[in-house]
Amino acid sequence: MSVSRWDPFQDLQSFRDEMNRTVNRWFGREEGDEPAPRRWVPALDVVESKDAYNIDVEVPGLRPEDINVTVDRGMLTVQGERRSEEEKGDRSYHRVERRYGSFRRSISLPGDVDASRVQATYDNGVLRLEVPKTAGSQPKRIEVKQG
């Protein structure tokens, strides 16, 4: 019988390796596989100014007619689909990192917006939405009078 020196960190390393294998199997990956493609969700920014909320949505590769913007009951929704190129018989893909497919992003709007005046423009892959605030939502200075 041989005597081996006990290494407490070896047990931790084995535990970590087993947890990684378990999580990878849970997400449908085997060791050495590339991550499974996730669905495409465009990034967006929401910025508030004095008069409006401005929302920029990154949707490169889409045409304006492929994008649908709706406002319903205080919810602004942007949806569309980015289609992938069809595979041609004379070439094969070695790596596909861009994401394709349909998307839907919804944002709950505050109560101080005028949904009937929402404007949408598209330029260089960015959808810009301007959601104006109602006139009553603007701060009003109240003069204090001598009593």
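In this predicted model, four strands come together as an open sheet, laid out in the order β1-β2-β7-β6 with antiparallel pairing. The edges belong to β1 (44-48) and β6 (119-123); each has a single partner strand, so one side of each goes without a neighbour in the sheet. On average, neighbouring strands here are turned by 15° against each other, direction ignored.

Going through the pairings, β1 and β2 run antiparallel and are held by five bridges. The link from β1 to β2 is a hairpin of three residues. Within this pair, V46 sits opposite I55 of β2. On to the next pairing: strand β2 (residues 52-58) is also joined to strand β7 (residues 126-132), again in the antiparallel sense, and this time through seven bridges. One of the contacts to look for on screen is Y53, whose bridge partner in β7 is V131. As a general point for anyone tracing these strands, side chains in a regular strand alternate between the two faces of the sheet.

Turning to the pockets, the second largest one has a volume of about 180 Å³. Its lining takes in P60, G61, L62 and D66, then the run E81, R82, R83, S84 and E85, and finally R98 and Y100. Sorted by character, the lining of this second largest pocket comes out as six charged residues, three nonpolar and two polar. Among the lining residues, R82, R83 and R98 are arginines, while E81 and E85 are glutamates.

Terms used: Residues are numbered from 1 along each chain as its sequence is written. This is a predicted model: local features need pLDDT of at least 70, side-chain atom pairs count only at pLDDT 80 or more; totals for chains, interfaces and linings use all residues. Side-chain values use heavy atoms; hydrogens and water are left out. On a 1 Å grid over the protein atoms alone, a cavity is a set of points where a 1.4 Å probe fits but cannot get out, and a pocket is an open set with protein on both sides within 12 Å along at least five of seven lines; lining residues have an atom within 4 Å of a point. Grid points are joined across faces, edges and corners, and a volume is the space filled by probe spheres set on the points. Ala, Val, Leu, Ile, Met, Phe, Trp, Tyr, Cys and Pro count as nonpolar, Asp, Glu, Lys and Arg as charged, and the others, Gly among them, as polar. Two strands pair if DSSP finds at least two bridges between them. Helices (H or I, at least four residues) and strands (E, at least two) are DSSP runs, numbered from the N terminus. Axes are lines fitted to C-alpha atoms, for helices over the stretch in contact, and angles run from 0 to 180 degrees between N-to-C directions.
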